[in-house]
Amino acid sequence: MNHGFETLAIHAGQEADPHTGAVVPPIYAVSTYKQDGVGGLRAGYEYSRSANPTRTALEEAIAAVEGGVRGFAFASGLAAEDTLLRTVCRPGDHVLIPDDAYGGTYRLFAKVLEGWGLSFDPVPIGDVDAVRAAVRPQTRAIWVETPTNPLLGIADIAALADVAHDAGALLLVDNTFASPYLQQPLALGADVVIHSTTKYVGGHSDVVGGALVAGSADLGERLAYHQNAMGAVAGPFDAWLTLRGLKTLGVRMDRHCDNAERVADLLLSHPKVTQVLYPGLPDHPGHEVAAKQMRRFGGMVSFRVAGGEEAAIEVCNRARLFTLGESLGGVESLIEHPGRMTHASAAGSPLEVPGDLVRLSVGIETVDDLLADLSEALG
């Protein structure tokens with residue numbers, strides 16, 4: 001039977017405990033497992049780096065809501081990214097990345113994996129022809145964020161899947177900003193989906209984690225081997241918290257989207273705002289593609305401020321209900337200056353973000369309170 005998103009988020013991988021009837025998977029705070037004779041693993045568990053029942057429940061649930069074959073839970077989003085890239089790439093390979101990728105992703109490529117022998121080029125992923133032209137014989141993967149962080153650019157997942165597969169490469173999609181509720185890249189042709197589950201999936205700013213979802217069994221087997229060999233797995237309590245967050249993802253995302261739309265409307269009419277970046281706006285260059293591949297347009301809004309970098313920093317400092325902080329996707333609203341905070345590692349690179357940019361993670365508070373706080377912060 002095909003179930004809806006919310007049903008899968010609440011039930012997939014989360015059957016009642018057979019011994020007690022507990023409706024929530026227990027936290028298996030255990031490192032090792034008694035074996036039924038040498039080589040006789042009970043339910044497949046031997047050591048919690050390889051597998052843990054609490055983590056298994058999360059992995060099955062995240063795979064179900066993404067429509068994937070196999071899911072994997074990691075200690076952080078960057079741990080998931082590193083494991084994925086070292087699974088599918090080798091020294092001498094080449095990857096295309098967004099020209100406004102998350103700063104931590106850029107740092108991983110530029111400061112870690114480039115030294116390992118993996119080359120990369122930033123490209124405007126909203127331009128399918130530009131991406132196709134940037135592909136080399138050595139290109140092993142096209143890495144996509146959609147929406148991107150922090151400029152909220154949109155990539156046509158289905159079109160880029162064709163570009164990647166025509167070149168014998170993989171399409172790897174970071175779905176963190178959209179969440180599985182708003183967008184399912186595997187159904188559009190992607191090979192692997194990446195999440196920082198710290199963000200919308202966890203949703204409460206109380207846990208750090210990452211996830212991969214593979215679209216094929218073969219790729220799933222390779223990722224499983226590397227996850228075990230490299231070892232940056234989610235601990236059982238982190239997996240339990242993330243699974244708890246996933247259950248309410250659908251209802252939270254609806255409120256995030258409702259509030260973000262109202263915030264974008266306020267910013268559009270404010271005289272001190274020079275540009276609003278939100279895929280839900282009809283004049284956003286990626287609006288039509290976003291409308292085609294997303295359920296709604298998300299809870300992230302970026303905008304540029306008249307007066308330049310110092311004015312943007314002042315807006316961040318004056319906000320009160322919007323908490324000044326990094327990260328995103330929690331129930332509380334956050335405000336940040338990407339150039340000085342999340343994307344500082346991209347300064348001086350082709351991925352450097354504008355100094356007058358402010359990024360909002362719009363939470364699920366009473367929207368009129370958020371609008372009043374922003375109005376006061378803008379002055």
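This report walks through a five-stranded sheet, the helices lying across it, and a cavity in a predicted model.

## The sheet

Let's start with the strands. Five of them make an open sheet with mixed pairing, and reading across it the order goes β8-β9-β12-β11-β10. The edges belong to β8 (273-277) and β10 (323-324); each has a single partner strand, so one side of each is left without a neighbour in the sheet.

Now for one pair inside that order. Strand β9 covers residues 300-305 and strand β12 covers residues 357-361, and the two pair in the antiparallel sense over five bridges. If you want a spot to look at on screen, try Arg304, which stands opposite Leu357 in β12.

## Helices across the sheet

Helix α10, residues 249-268, lies across β8, β9 and β12. Against β8, helix α10 runs at about 155 degrees.

Helix α12 (residues 308-318) lies across β9, β10, β11 (334-336) and β12. Its angle to β9 is about 135 degrees.

## The cavity

Rolling a probe the size of a water molecule over the atoms shows where empty space is left. How many cavities of 30 Å³ or more does the structure hold? The count is one, and the largest cavity has about 40 Å³ of space in it.

So what lines the largest cavity? You'll find Pro147, Leu152, Phe177, Pro279, Met294, Phe297, Gly298, Gly299 and Met300 there. Sorted by character, the lining comes out as seven nonpolar residues and two polar ones, with no charged residues. Met300 ties the two parts of this story together: this lining residue also falls in strand β9, residues 300-305.

Conventions. Residues numbered from 1 in each chain as written. Predicted model: local features only at pLDDT ≥ 70, side-chain atom pairs only at ≥ 80, totals over all residues. Heavy atoms only, no water. Pairing = 2+ DSSP bridges. Helix = DSSP H or I, 4+ residues; strand = E, 2+ residues; numbered from the N terminus. Contact = heavy atoms within 4.5 Å. Axes fitted to C-alpha atoms, helices over the stretch in contact; angles between N-to-C directions. 1 Å grid on protein atoms, 1.4 Å probe; cavity = no way out; pocket = protein on both sides within 12 Å on 5 of 7 lines; lining within 4 Å. Points joined across faces, edges and corners; volume = space filled by probe spheres on them. Nonpolar A, V, L, I, M, F, W, Y, C, P; charged D, E, K, R; others polar.
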